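Q: Please take a close look at the contacts between side chains in this structure, starting from one charged residue and working outward. Which partners meet, and where do they lie?

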Amino acid sequence: MKKLIVILILVFSYSSIAAQTNQNNSLTAKTEPPVLVDIDKGGISYAMPESEYQKLALRLAKYSSFIPIKRKPKKLSASAKFGINLVVDKKNIGWILDGSEIGGYTLYADINGDGDLTNDRPLKLKKTDGKYSYIFQTVLTEIVDNRKQKYPVQLKIEVAEEVPLGKTEKQLALKTSDATVRRGMLDINNRRTAFALSGSQGIYNSEFNYLYLDLNGDGRLDTETKYSEEAYKISEKYINIGETTYEFTVDRYGDNLSLKPLPEKLPARPALLPGSPAPDFSFKDLDGRQRRLSEFRGKVVLLDFWGTWCAPCIAEAPNLAKAYQRLKEKGFEIISVDKGDAVEDLRKFISEKQMNWTHTQIDDALSQLFRINGFPTYFLLDKEGKIVSNTLRPGEEMYKKIEEMLGS
């Protein structure tokens, strides 16, 4: 009996390895179960009084993905706070946090996305290691190729106090993480190579998800470095490993990764790390003039990827305008690249905020070139067009860095 078990194990192991290569020399590997990403790397949604929420909801009503609160639970306390930016099933849903640090918190969230918080189960947050949190799990359904597909979703919610951009005092907030990682091993060129798939809301093949691959063979995945050489957005589709270019495919629910070798090697993608030259690109400004990034050589340039729908972008607009007015004569330039706004709405916002510099709108090619994965995103370039920083955040430190480069 023991011999039979050994034989079966050997057969299974051989089959698993052999299954990684098919007749087209494609490589396929399974992944491990999903693990939630550290919540400190997730998002922050600030709580606000109901009156403030109602004003914001009116402004966001034009977006189809935003679901305003139409009906709230009865007997809320006077300390109840409202919020947005809790995303479930592609819907930006409203929520109410009621309670206190001493008595505990209850979260009312519009999980079913109908605007009615009375028909969703209240979530009683538990205190663990001094923090109130809740891990929400559900199963969503979607139609893929005319078939219903069910998939699991995990979401961690934690009560926190954070200082919003442009303010000095802490404010009640929800920290949320719906990001998960599935890891695996793949045989490439006779070497066991670690990889990981990042997912969000149970989906792993959207344009903003990532494939991480241990390209340098050090046994670890560089998931921390901004624009890591080992990080590939799913929308990039191709990856160079040694002298071979592979087209990679990620299973929608993260169950596996496949690599298909191409007959010819494609050019390497541009590096976006500090010290690297920023990739040149052409664009039309809002007046229809054809421009190029390289024509701004000789100036310190801030590439600003943003949108008027982006709350941190809106908050930073006045500060950008002040900095530009103060530093433009010293050789400072801004190129703002907008995403998602109608041109007339964009023009109106720019005029109101006195953002009197070069503006354009993003297209798929430019988004791909700079691997944009969130807004706002800033690239600071020196006078030779080299990247000085790709990790700038809105605030005083960004302007100090710009002033240092200008010798101010």
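A: Lys 72 is a suitable starting point: its relative accessibility is 36%, and it therefore counts as partly exposed, since that class covers values between 20% and 50%. The model under discussion is a predicted one.

The side chain of Lys 72 forms a salt bridge with that of Glu 50, with an N to O distance of 2.8 Å. This pair joins distant parts of the chain, because Glu 50 belongs to helix α2 (residues 50-60), whereas Lys 72 is found in the loop between β4 (66-67) and β5 (81-88), and 22 residues separate them. Glu 50 is partly exposed as well, at a relative accessible area of 29%.

This is one of 20 salt bridges found in a search of the whole structure. Another brings together the side chains of Glu 101 and Lys 127, at 3.1 Å from N to O. Glu 101 is located in the loop between β6 (91-100) and β7 (104-109), and Lys 127 in strand β9 (residues 126-128), so this salt bridge ties together parts that lie 26 residues apart in sequence. Glu 101 has a relative accessibility of 40% and counts as partly exposed; Lys 127, at 46%, is also partly exposed.

A further salt bridge lies within a single helix. Arg 347 is bridged to Glu 344, and their closest N and O atoms are 3.9 Å apart. The two residues both belong to helix α4 (residues 343-352), where three residues, or about one turn of the helix, separate them. Arg 347 is partly exposed, with a relative accessible area of 34%. Glu 344 reaches 58% relative accessibility and therefore counts as exposed, as the limit for that class is over 50%. Salt bridges also connect four residues into a network, made up of Asp 285, Arg 289, Arg 291 and Glu 295.

Aromatic rings offer a second kind of side-chain pairing. A pair of aromatic rings is described by two values, the distance of the centres and the angle of the planes. The structure contains 15 aromatic pairs. In one of them, the ring centres of Tyr 53 and Phe 82 are 5.8 Å apart and the planes stand at 35°, so the pair is tilted. Tyr 53 lies in helix α2 and Phe 82 in strand β5, which makes this a link between distant parts of the chain, 29 residues apart. Tyr 53 is buried, with a relative accessible area of 1%, and Phe 82 is buried at 3%.

Trp 306 and Phe 349 form another tilted aromatic pair, with 5.7 Å from centre to centre and 45° between the planes. Here too distant parts of the chain are linked: Trp 306 is in strand β22 (residues 300-306) and Phe 349 in helix α4, 43 residues apart. Trp 306 counts as buried at 1% relative accessibility, and Phe 349 is buried with a relative accessible area of 11%. Helix α4 thus provides both residues of the salt bridge between Arg 347 and Glu 344 and one ring of this aromatic pair. Elsewhere, ring pairs join Tyr 227, Phe 281, Phe 283, Phe 305, Phe 370 and Phe 379 into a cluster.

A charge may also sit over a ring. Arg 269 lies over the face of Tyr 232, at 3.6 Å from the ring centre. Tyr 232 is in β16, where it is the bridge partner of Leu 211. Strands β15 (residues 210-213) and β16 pair in the antiparallel sense, over three bridges. They belong to an open sheet of five strands with antiparallel pairing, whose order is β2-β13-β14-β15-β16. The edges of this sheet are β2 (35-36) and β16 (231-233); each has a single partner strand, so one side of each is left without a neighbour in the sheet.

Finally, Gly 331 is located in the loop between α3 (311-327) and β23 (332-338). Gly 331 has a relative accessibility of 16% and therefore counts as buried. Apart from neighbours within four places in sequence, Gly 331 is in contact with Lys 299, Val 300 and Leu 406. The C-alpha atom of Gly 331 is separated by 37 Å from that of Leu 266, which lies 65 residues away along the chain.

Technical notes: Residues are numbered from 1 along each chain as its sequence is written. This is a predicted model: local features need pLDDT of at least 70, side-chain atom pairs count only at pLDDT 80 or more; totals for chains, interfaces and linings use all residues. Side-chain values use heavy atoms; hydrogens and water are left out. Helices (H or I, at least four residues) and strands (E, at least two) are DSSP runs, numbered from the N terminus. Buried means under 20% relative accessible area, exposed over 50%, partly exposed in between (1.4 Å probe, protein chains only). Contact means heavy atoms within 4.5 Å. Rings of Phe, Tyr and Trp (its six-membered ring) pair if their centres lie within 6.5 Å; planes under 30 degrees apart count as stacked, over 60 as edge-to-face and the rest as tilted. A charge sits over a ring if NZ of Lys or CZ of Arg is within 6 Å of the ring centre and within 35 degrees of the ring normal. Two strands pair if DSSP finds at least two bridges between them.
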